[in-house]
Amino acid sequence: INSLHSLVAMWIFWMLTALRGKGPYPILVLNGEQGSSKSTFSKIVRGLIDPNSADLRTLPREEREFFISASNSHLLAFDNISRITDQMSDTICRIATGAGASFRQLYTDQDEIIFQVSKPIILNGIGSIVERADLADRCIFINLKPIPVESRKSQSELMEQFEAARPGILAALLDGLSCGLRNIDLLVPADLP
């Protein structure tokens, strides 16, 4: 039970940090076997923090695509990741902690597009998807257990129940955020990252 309470506390901490709207942000990593509801859990979290018609996406292949996605959403949720390249690992770290990037505007020689972003990120996949220490140091890891077949619900039934509960869950999170922001100056971290 203590480990379950610890996981729930870490998840709530991550949610409050994402709702705060100011980085740097820890990265939420959901691991688990097939049938552990990683994608559905990610959709629910995304639905609370930053509802979007494209709730889960594939990990971008290029840094430019990542920064464009980050500039158009508050929360980035990437589904079914099997491997993160070293370059993408660096990009994820930079976006979670706050980074700027500039890219040449397409079809021009001298015009550039500048991005400055800091966004909460969810990564989910089977197995250990985070390999580099600098990325792991920024992550909150939650390992989901497979849901027994007899306890499973259809996604439409589960999402209907979530929609009914969403206002109360969001109200509780916003109450917690309000309390945290009111007392943030009283916090003295034991260790700085």
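In this predicted model, the side chain of Arg166 makes a polar contact with the side chain of Glu163, at 2.5 Å. Arg166 belongs to helix H6. Beyond residues up to four places away in sequence, Arg166 touches Gly47, Leu48 and Pro51.

A second polar contact between side chains joins Ser73 to Arg57. The two contacts are set out below.

| Side chain | Partner side chain | Distance |
|---|---|---|
| Arg166 | Glu163 | 2.5 Å |
| Ser73 | Arg57 | 3.5 Å |

Ser73 is placed in the loop between helix H3 (63-72) and strand E2 (76-78). Is Ser73 buried or exposed? Ser73 counts as buried because its relative accessibility is 5%, and the cut-off for buried is under 20%. When neighbours within four places in sequence are left aside, the residues in contact with Ser73 are Arg46, Asp50, Asn52, Arg57 and Lys119. Arg57 therefore appears both in this list and as the side-chain polar partner of Ser73, a pair of atoms at 3.5 Å, which meets the limit of within 3.5 Å for a polar contact.

The nonpolar interior comes next. The largest nonpolar core comprises 25 residues, and those with the most contacts inside it are Ile27, Leu59, Phe66, Ile92, Ile121 and Leu123. Two or more residues of this core come from each of strand E1 (27-32), H3, E2, helix H4 (86-97), strand E3 (99-104), strand E4 (112-117) and strand E5 (121-125). Helix H4 gives the most, with five residues.

Leu59 illustrates the contacts of a residue in this core. Not counting residues up to four places away in sequence, Leu59 touches Phe66, Phe78, Ile81, Arg83, Ile84, Met88, Ile92 and Leu123. Apart from the largest core lies another, of 20 residues, including Trp14, Ala18, Leu48 and Leu177. Leu48 of this other core is also one of the residues that Arg166 touches.

The final topic is the largest pocket, whose volume is about 960 Å³. Of the 24 residues that line this pocket, Phe13, Thr17, Arg20, Pro24 and Pro26 are the closest to its centre. Which elements each supply at least two residues of the lining? They are helix H1 (2-20), strand E6 (139-144) and helix H6 (155-183). By class, the lining has 14 nonpolar, five polar and five charged residues. Helix H6, a contributor to this lining, is also the helix in which Arg166 lies.

Technical notes
Residues numbered from 1 in each chain as written. Predicted model: local features only at pLDDT ≥ 70, side-chain atom pairs only at ≥ 80, totals over all residues. Heavy atoms only, no water. 1 Å grid on protein atoms, 1.4 Å probe; cavity = no way out; pocket = protein on both sides within 12 Å on 5 of 7 lines; lining within 4 Å. Points joined across faces, edges and corners; volume = space filled by probe spheres on them. Helix = DSSP H or I, 4+ residues; strand = E, 2+ residues; numbered from the N terminus. Nonpolar A, V, L, I, M, F, W, Y, C, P; charged D, E, K, R; others polar. Buried < 20%, exposed > 50% of the residue type's maximum accessible area, 1.4 Å probe, protein only. Polar contact = N/O pair within 3.5 Å; in protein donor to acceptor, adjacent residues only side chain to side chain. Contact = heavy atoms within 4.5 Å. Core = buried A, V, L, I, M, F, W, Y, C linked by side-chain atoms within 4.5 Å.
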